[in-house]
Amino acid sequence: MRVTAGTAPTLGAMMNPIPPTTPPSGQSAAAPLLAFVGGGNMASAILGGLVAAGHPANRVVVVEPYAPQADVLRAKFPGVRVEAAGGAALDGADIVVWAVKPQVFAEAAAPCAPWVGAALHLSVMAGIRSDAIARATGAERVVRAMPTTPALIGEGIAGLFARAAVTPADRAAIERVLAPTGETLWVAQESDLDAVTALSGSGPAYVFFFIEALMQAAADMGLSPEQGRLLAQATFKGATSLARASDESPETLRARVTSKGGTTHAAITSMEAAGVKPAIVAALRAAQARAKELGDEFGG
């Protein structure tokens, strides 16, 4: 599996999945036409990053039927074309990003399908397998992504799976689309996305849950809510940064701050006695099982 850092290059240099015609002398090829079906938080995060990185707003169309959200998009991204429904508005799209709720995908895809068969498709929907996307759109060049909510601030990581028809150039194009949201990691089997969902897709909630517990403990020990929040958040940020910067394993790093008979040792011993680590592993397996159930429910 390959990890690539999100560096947010401009898409003007992206290889167009549909080979462009040779432009007249002295002119450059047009930037790829991107179409978003659904304009919620994740689509807005991707779109905002792309526009900030230099992708022309007039080479983006968003299908967003919810009028208040459509107005937000128009105000936030001047020049981006926002449509209430799919269909001919997607004609000529090079990349289609599916960002609707899974339960409405089939309804959303029906009017789009006649216009997007030749496009490269990127899905950020949970639970909709690539077979279902290929059937609904008539396209085989489909990539599924499982992003994370820190993508909203450019600090996410997206697990990616590509169908056999997706070319290396297509993969590079998808990486460029997602670069403003953080990092990418390709998996070899689509079923691996269930594990990605359990670990990183749902993972921010686990971190927030642990921060809640740290803040509760801080309050119980007499610190103010703001003191507890600052200490908990800074501790997570610092420890994660150290883990990423170090070649040593998390176990080794933990051992370095766990002197026998000391305060950290007392805390770790208490957590081990309470079965915290097995409980976390069991929780992730439950999330993985639920991800598979959702895929079965929405069809594969």
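**Exercises on helix α7 and the salt bridges**

The buried residues of α7 pack against β7 (142–146), β8, α8 (203–220) and α12; buried means under 20% relative accessible area, exposed over 50%, and partly exposed in between (1.4 Å probe, protein chains only). Helices (H or I, at least four residues) and strands (E, at least two) are DSSP runs, numbered from the N terminus. The model is predicted: local features need pLDDT of at least 70, side-chain atom pairs count only at pLDDT 80 or more, and totals for chains, interfaces and linings use all residues. Residues are numbered from 1 along each chain as its sequence is written, and side-chain values use heavy atoms, with hydrogens and water left out.

**Exercise 1. Describe the protein chain as a whole.**

Step 1. Count the secondary structure: the protein chain has 12 helices and 9 strands.

Step 2. Consider burial: of the 300 residues of the protein chain, 40% count as buried.

Step 3. Consider the contacts (heavy atoms within 4.5 Å). Among those with a separation of 6 or more, 63% join residues 24 or more positions apart.

**Exercise 2. Determine which residues of helix α7 are buried and how α7 lies against α8.**

Step 1. Helix α7 spans residues 192–201, and its buried residues are L193, D194, V196, T197 and A198.

Step 2. Find the partners in the contact: A198, L199, S200 and G201 in α7 meet G203, P204 and Y206 in α8.

Step 3. Classify these residues. They divide into 4 nonpolar, 3 polar and no charged; Ala, Val, Leu, Ile, Met, Phe, Trp, Tyr, Cys and Pro count as nonpolar, Asp, Glu, Lys and Arg as charged, and the others, Gly among them, as polar.

Step 4. Take the geometry: α7 and α8 pack at an angle of about 30°, with their axes 5 Å apart. This makes α7 roughly parallel to α8, a term for angles under 35 degrees. Axes are lines fitted to C-alpha atoms, for helices over the stretch in contact, and angles run from 0 to 180 degrees between N-to-C directions.

**Exercise 3. Trace the salt-bridge network that contains D296.**

Step 1. Fix the criterion: a salt bridge is a side-chain nitrogen of Lys or Arg within 4 Å of a carboxyl oxygen of Asp or Glu. The structure holds 11 salt bridges.

Step 2. Begin with D296 and R129, whose side chains meet in a salt bridge at 2.8 Å, N to O. D296 lies in helix α12 (residues 276–298) and R129 in the loop between β6 (120–123) and α5 (130–137), so this pair ties together parts that are 167 residues apart in sequence.

Step 3. Add K292, which forms a salt bridge with D296, the closest N and O atoms being 3.2 Å apart. K292 and D296 are 4 residues apart in helix α12, separated by about one helical turn.

Step 4. Combine the pairs: R129, K292 and D296 are linked in a network of salt bridges.

Step 5. Check accessibility. D296 is partly exposed at 45%, K292 is partly exposed at 44%, and R129 is partly exposed at 22%.

**Exercise 4. Establish what the pair R163 and D131 connects.**

Step 1. R163 forms a salt bridge with D131, with the closest N and O atoms 2.7 Å apart.

Step 2. R163 lies in the loop between β8 (156–162) and α6 (168–178) and D131 in helix α5, so the pair ties together parts that are 32 residues apart in sequence.

Step 3. R163 is buried, with a relative accessible area of 14%, whereas D131 counts as partly exposed at 34%.

Note on methods. Parallel < 35°, antiparallel > 145°, perpendicular 65-115°, else oblique.
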